[in-house]
Amino acid sequence: MSIEPHAPATSYLPEKTSWVATQLAQIDAAGDTRVADINGMSIIVMTMRGARSGLLRRVPVMRVEHDGTYAAFASKGGAAKHPTWFYNLNAGGEVLVQDGTEQLTRTIRLLEAGPERDQWWDRGVAAFPPYAEYQQKTDRQIPVFLLEPRNG
């Protein structure tokens, strides 16, 4: 299932968390992710299809980018369980990334333990230092997804 850029806001599953809903409303009004942040740090918005529902869902996450590839850290603040959106990304496929005013289609890949994950983990902690603290709070290894440009 592909995700079309600039889908009408009514196409999305409503956000239940009030601060996230407020952020998304600000971004929608401006058409730009740069009007919102988390603790003063830049964010992107991922639009994905629900793994079970097939409905569109939007999630703001920290902006961790390198050479056109983005990373999404399923930290949930160091909670014992994954964030709900983890299961949508883990199902694979594509995600739409909004970075500033740009809408970019990316393929999803979960990083396994190893040097590539370690490198992206370091990039994530550099962009959002609380990730290191979140990892200390949980027994699970925080999943790191790459959102990569489509091949071809």
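In this predicted model, G50 lies in the loop that joins β1 to β2, the latter spanning residues 56-62. Although it belongs to a loop, G50 is buried, because its relative accessible area is 12%, under the 20% limit for that class. Leaving out residues up to four places away in sequence, G50 touches L55 and N88. A further link across the chain is with A91: the two residues are 41 positions apart in sequence, and their C-alpha atoms are 8.9 Å apart in space.

Another buried position is found in helix α1, where Q23 has its place. The relative accessible area of Q23 is 6%, so the residue counts as buried. The contacts of Q23 beyond four places in sequence are with A36, D37, I38, I43 and P60. The C-alpha atom of Q23 is also separated by 8.8 Å from that of T33, a residue ten places away along the chain.

Stepping back to the whole chain, there are four helices and seven strands. Their order along the sequence is α-β-β-β-β-α-β-β-α-α-β. For the overall dimensions, the radius of gyration is 15 Å, which agrees with the value near 15 Å that a compact globule of 152 residues would have. Along the principal axes, the C-alpha atoms fill a box of roughly 40 × 35 × 30 Å. Of the 152 residues, 43% count as buried. The accessible surface comes to about 8100 Å², and carbon and sulfur atoms hold 48% of that area. Contacts between distant parts of the sequence are well represented: among contacts with a separation of 6 or more, 64% join residues 24 or more positions apart.

The interior can be followed through its nonpolar cores. The largest of these has 20 residues, and the members that touch the most other members are M62, A71, F73, W120, Y131 and V144. At least two residues of this core come from each of α1 (18-30), β1 (43-49), β4 (69-73), α3 (115-127), α4 and β7 (144-149). Helix α1 gives the most, with three residues. A second core, separate from this one, has 17 residues, including A74, L89, V97 and F145. Within the largest core, M62 is one of the residues with the most partners. Beyond its neighbours within four places in sequence, M62 is in contact with I38, M41, S42, I43, I44, A71, F128 and Y131.

Aromatic residues make their own set of connections. The structure holds eight aromatic pairs. The rings of Y131 and Y134 form an edge-to-face pair, because their planes stand at 75° with the centres 6.2 Å apart, and an angle over 60 degrees falls in that class. Both tyrosines lie in helix α4, which covers residues 130-137, and they are three residues apart, about one turn of the helix. Y131 counts as buried because its relative accessibility is 3%, and Y134 is likewise counted as buried, at 16%. Ring pairs extend the picture to a cluster that links F73, W121, F128, Y131 and Y134. Two residues of this cluster, F73 and Y131, are also among the members of the largest core that touch the most others. A charge meets a ring elsewhere: the charged end of R123 sits over the ring of W120, at 4.5 Å from the ring centre.

Two loop residues are notable for their backbone angles. Most residues other than glycine have a negative phi. N39, in the loop between α1 and β1, has a positive phi near 55°. D67 also has a positive value, with phi near 50°, and lies in the loop between β3 (65-66) and β4. Both positions are open to the surroundings in terms of accessible area: N39 has a relative value of 60% and so counts as exposed, while D67 is classed as exposed because its relative accessibility is 69%.

Note on methods: Residues are numbered from 1 along each chain as its sequence is written. This is a predicted model: local features need pLDDT of at least 70, side-chain atom pairs count only at pLDDT 80 or more; totals for chains, interfaces and linings use all residues. Side-chain values use heavy atoms; hydrogens and water are left out. Rings of Phe, Tyr and Trp (its six-membered ring) pair if their centres lie within 6.5 Å; planes under 30 degrees apart count as stacked, over 60 as edge-to-face and the rest as tilted. Buried means under 20% relative accessible area, exposed over 50%, partly exposed in between (1.4 Å probe, protein chains only). A charge sits over a ring if NZ of Lys or CZ of Arg is within 6 Å of the ring centre and within 35 degrees of the ring normal. The radius of gyration is taken over C-alpha atoms; the globule rule is 2.2 Å times the number of residues to the power 0.38. Contact means heavy atoms within 4.5 Å. Accessible areas come from the Shrake-Rupley method with a 1.4 Å probe; for residues, only the protein chains shown count as cover. A nonpolar core is a set of buried Ala, Val, Leu, Ile, Met, Phe, Trp, Tyr and Cys residues joined through side-chain atoms within 4.5 Å.
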